[in-house]
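Please work through the exercises below with the sequence and the model at hand, trying each task before reading its solution.

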Amino acid sequence: MAPKDYISQLSPYLFWDIDVSCLDVHRSAAQLIQRVLEYGTLDDWRLTRDFYGLETVVAHCKQMRTLEPTALSFVCAISNTSPQEYRCYHFKQSFPTLWNS
């Protein structure tokens, strides 16, 4: 699938703050994956998984500093990995806040 086709099939509300014509799907892969996981539909997820491949999605997710807990649980469940393998899990655990201290 061509990058333009991939972008055009995703939900348009995912790009409310981005000029889609300037978007590079390979340079911005982590940002696109995170938006789809946190705000996209199941169809957006399937399209992203098919475009990047599950291994690439998981590799990008493992390097993210932040990822919503439900998105992290979803990625762990579909990839058979544990949350401890993800940077966002350790990042969140190491910085207590007023609400989780």
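The exercises that follow go from the overall fold to helix packing, the core, the cysteines and single residues.

This is a predicted model, in which local features need pLDDT of at least 70 and side-chain atom pairs count only at pLDDT 80 or more, while totals for chains, interfaces and linings use all residues. Residues are numbered from 1 along each chain as its sequence is written, and side-chain values use heavy atoms, with hydrogens and water left out.

**Exercise 1. The chain as a whole**

Determine how many helices and strands the protein chain has, and what part of its residues is buried.

Solution. Begin with the secondary structure, taken as DSSP runs numbered from the N terminus, where helices are H or I over at least four residues and strands are E over at least two. On that basis the protein chain has 6 helices and 0 strands, and the order from the N terminus is α-α-α-α-α-α. Next take burial, where buried means under 20% relative accessible area, exposed means over 50%, and partly exposed lies in between, with a 1.4 Å probe and protein chains only. Of the 101 residues in the protein chain, 38% are buried. Finally consider contacts, defined as heavy atoms within 4.5 Å: among those in the chain with a separation of 6 or more, 51% join residues 24 or more positions apart.

**Exercise 2. Two helix pairs**

Find at what angle α2 packs on α4 and α3 on α4, and list the residues that make each contact.

Solution. The axes are lines fitted to C-alpha atoms, for helices over the stretch in contact, and the angles run from 0 to 180 degrees between N-to-C directions. Helix α2 (residues 29-39) and helix α4 (residues 54-63) meet at about 95°, with axes 10 Å apart. Angles under 35 degrees count as roughly parallel, over 145 as roughly antiparallel, 65 to 115 as roughly perpendicular and the rest as oblique, and α2 and α4 are therefore roughly perpendicular. From α2 the contact takes A29, A30, I33 and L37, and from α4 it takes V57, H60 and C61. For the classes, Ala, Val, Leu, Ile, Met, Phe, Trp, Tyr, Cys and Pro count as nonpolar, Asp, Glu, Lys and Arg as charged, and the others, Gly among them, as polar. The contact of α2 with α4 then holds 6 nonpolar residues, 1 polar and no charged.

Turning to the second pair, helix α3 (residues 42-52) packs on α4 at about 100°, with axes 6 Å apart, which makes α3 roughly perpendicular to α4. Here W45, T48, R49 and Y52 of α3 meet L54, T56 and V57 of α4, a set with 4 nonpolar, 2 polar and 1 charged residues.

**Exercise 3. Helix α2 and the core**

Establish why α2 can be called largely enclosed, and which residues touch the most other members of the largest nonpolar core.

Solution. Because 8 of the 11 residues of α2 are buried, the helix is largely enclosed by the rest of the structure. The buried residues are A29, L32, I33, Q34, R35, V36, L37 and E38, and their packing partners are α1 (3-9), α3, α4 and α5 (69-79). One of them, R35, counts as buried at 16% relative accessibility and, leaving out residues up to four places away in sequence, touches L14, F15, W16, D17, I18 and G40.

A nonpolar core is a set of buried Ala, Val, Leu, Ile, Met, Phe, Trp, Tyr and Cys residues joined through side-chain atoms within 4.5 Å. In the largest one, which has 28 residues, Y6, Y52 and C61 touch the most other members. Each of α1, α2, α3, α4 and α5 supplies at least two residues of this core, and the largest share, 5 residues, comes from α2.

**Exercise 4. The cysteines**

Decide how many disulfides there are.

Solution. A disulfide is taken as a pair of cysteine sulfur atoms within 2.5 Å. The sulfur of C61 is 7.8 Å from its closest cysteine sulfur, in C88, which is too far for a bond, and the count is 0 disulfides. C61 is buried at 0% relative accessibility, and C88 is buried at 4%.

**Exercise 5. N80**

State where N80 lies and whether N80 is buried or exposed.

Solution. N80 sits in the loop between α5 and α6 and is exposed, with a relative accessible area of 72%. Although not a glycine, N80 has a positive phi of about 55°.
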